[in-house]
Amino acid sequence: MDAQSNFQQHVEPETVARLKRGDLAAFETVYRQFERAAWTLALRLTGRADVAHEVLQDSMLKAFERAGQYRGDAPFAAWLRKLVVNEALMQLRHDRLHVIEVLDDSVEQGEAPPPWTFADAATLDRALNRLPDDARAVLWLYHVEGFTHLEIAREFGRSVSFSKSQLARATKRLRELLQPKVEDTPCTIGSTTTA
Amino acid sequence: MHDRLDHHGMNGDMNNEASLTAALRALPACEPPHDTWPALAAQLRRRRTLRKTVWFTLPAAFAAGIALAFAWPHLHLRAPLPTPVRIAQPTAAAATRPSAAKPVTDVAALQTSSEQWQAWVQNLDRTGAPLDGRALATAVTLQDRIALVDLQLSAARNPATVASLWQQRITLLQQLGLLHLQPYLVAEQAQPVRAHALPM
């Protein structure tokens, strides 16, 4: 299962109805169904397993306790995803995990294909984790969860231009991190000892 | 997604962005820790127990507090002994209370018995004298324990366990009822003639 399909799952209306009545078994069904999705999203947004664990627990507890507030005007998975996003961003704000990183906004792009097209999953994963928290969260929400800049701005409580600039910076930084480094070969000229 | 890509607005960037979307979406989903569900379920049960306890004890404590506040000036002026009329109230209630002589093992019978004991305690709570501070604290503890038994009953499946829990509930209700009768027991010690008025 890839990251995109995580929250694209259907929940049976009967399960949702039971969950709204406070049925713990129905909640377990929903939890098992979305555990990986919620964990992946929490981990991608916060970048730390311990914080992601807290986000997973708190958002799922809220899902159970606030299930009665779910009106059914959007898919249940989307409602649940919003809880996870809210909780993760709240943690980012609360723990001040985000590091303000001043980056050069000028985007230098050549004709060569972008480095993520040939990066393997592990390399891309490592590069993602090295991004500043806000930038990584915006990048993930935009590309994987399909949020618009307006939606991201609302989630962060910031302006649309914040979302756009964070995305541009994250993309640029990711490009830099994935760019193959030219190995510094030691200069051997003149290093040979003369007999 | 009307605002997607408008920060670039170039075809090359669109391709780059699409390729980044594809690369990120192709990342495998992460494996969550295995111990999350048991911890979550335990936390939910704790929250439910706490909520149930609060719902059960808070109104009782509040009512007892009000009753105590009303009774306090009278108690200070001249602590009067309960009148025969006041003693008659729990006596009447006690006359209708269920028999505790026979051990009951049938769950349905235990449930009925528990309902009767609960009605008896509620009647005492409504009509009896207000509890003092120490008795009130004991009453709250007993109500907590009843709430815990109720929680265990909601999860219990084994018939023997269920019967045992219902029996525990009855015992706790009996203790709660006796607590309400304590003022009358004190009054009765002062006037042993009316020993028949005390519950058995």
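Select chain A first and colour it by secondary structure: in this predicted model the chain holds eight helices and zero strands, so that reading along the sequence gives the pattern α-α-α-α-α-α-α-α. Of the 195 residues in chain A, 37% are buried. Among the contacts in chain A with a separation of 6 or more, 70% are between residues 24 or more positions apart.

Before going further, colour chain A by pLDDT, the predictor's confidence in each residue. The average for chain A is 84, and 81% of the residues score at least 70. Now select residues 190-195 of chain A, where pLDDT stays under 50 and where the model has zero contacts beyond four places in sequence. Where pLDDT is low, the predicted coordinates should not be read in detail.

**Helix 6 of chain A**

Next, select residues 133-143 of chain A, which form helix 6. Why can this helix be described as largely enclosed by the rest of the structure? Eleven of its eleven residues are buried, and therefore helix 6 of chain A is largely enclosed. A residue counts as buried if 20 or more other C-beta atoms lie within 10 Å of its own. Among the buried residues that you can click on in helix 6 are Asp133(A), Arg136(A), Trp140(A) and His143(A).

Keep helix 6 of chain A on the screen and add helix 8 of chain A, residues 160-178. The axes of helix 6 and helix 8 of chain A come within 8 Å and cross at roughly 100°. Because of that angle, helix 6 of chain A is roughly perpendicular to helix 8 of chain A. To see where the two helices meet, show the side chains of Asp134(A), Ala135(A), Arg136(A), Val138(A), Leu139(A) and Tyr142(A) in helix 6, together with Ser163(A), Gln166(A), Leu167(A), Arg169(A), Ala170(A) and Arg173(A) in helix 8. Sorted by class, this contact has six nonpolar, two polar and four charged residues.

**The largest nonpolar core**

Now show the residues of the largest nonpolar core, which has 52 residues. Those with the most contacts inside this core are Ala38(A), Ala42(A), Leu45(A), Val84(A), Ala88(A), Val138(A) and Leu139(A). Which elements give two or more residues to this core? They are helix 2, helix 3, helix 4 (76-95), helix 5, helix 6, helix 7 and helix 8 of chain A, together with helix 1 (11-25) of chain B. The largest share, twelve residues, comes from helix 2 of chain A.

Centre the view on Leu45(A) and look around this residue: setting aside residues up to four places away in sequence, Leu45(A) touches Val85(A), Ala88(A), Leu89(A), Ala137(A) and Trp140(A). Apart from the core just visited lies another core, of 17 residues, among them Trp120(B), Leu131(B), Val149(B) and Leu176(B).

**Where the two chains touch**

Bring both chains into view and select the residues where they touch: 35 residues of chain A are in contact with 24 residues of chain B. On the chain A side, at least two residues each are supplied by helix 2 (24-46), helix 3 (49-65), helix 5 (121-129), helix 7 (149-156) and helix 8 (160-178). Helix 2 of chain A gives the largest share of this side, seven residues. The side of chain A that touches chain B divides into 19 nonpolar, eleven polar and five charged residues.

**Chain B**

Hide chain A and select chain B, which has six helices and zero strands and follows the pattern α-α-α-α-α-α along the sequence. Buried residues make up 20% of the 200 residues in chain B. When contacts in chain B between residues at least 6 apart in sequence are considered, 76% join residues at least 24 apart.

Finish in helix 6 of chain B, residues 159-190, where you will find Ala160(B). Is Ala160(B) buried or exposed? Ala160(B) counts as exposed, because it has 10 C-beta neighbours inside 10 Å. Draw a distance between the C-alpha atoms of Ala160(B) and Val107(B), which are 53 residues apart along the chain, and the separation is 8.8 Å.

Move on to Gly177(B), which also lies in helix 6 of chain B and counts as buried because it has 24 C-beta neighbours inside 10 Å. Gly177(B) and Trp120(B) are 57 residues apart in sequence, while their C-alpha atoms are 7.4 Å apart in space. Leaving aside neighbours within four places in sequence, Gly177(B) is in contact with Trp117(B), Trp120(B), Val121(B) and Leu124(B).

Definitions and conventions. Residues are numbered from 1 along each chain as its sequence is written. Chains are lettered from A and ligands numbered from 1 in the order in which they are written. This is a predicted model: local features need pLDDT of at least 70, side-chain atom pairs count only at pLDDT 80 or more; totals for chains, interfaces and linings use all residues. Two residues are in contact if their C-beta atoms, placed from the backbone, lie within 7 Å. Helices (H or I, at least four residues) and strands (E, at least two) are DSSP runs, numbered from the N terminus. Ala, Val, Leu, Ile, Met, Phe, Trp, Tyr, Cys and Pro count as nonpolar, Asp, Glu, Lys and Arg as charged, and the others, Gly among them, as polar. A residue is buried if 20 or more other C-beta atoms lie within 10 Å of its own, exposed if 12 or fewer, and partly exposed in between; C-beta atoms are placed from the backbone. Axes are lines fitted to C-alpha atoms, for helices over the stretch in contact, and angles run from 0 to 180 degrees between N-to-C directions. Angles under 35 degrees count as roughly parallel, over 145 as roughly antiparallel, 65 to 115 as roughly perpendicular and the rest as oblique. pLDDT is the predictor's confidence in each residue, from 0 to 100. A nonpolar core is a set of buried Ala, Val, Leu, Ile, Met, Phe, Trp, Tyr and Cys residues joined through C-beta atoms within 7 Å.
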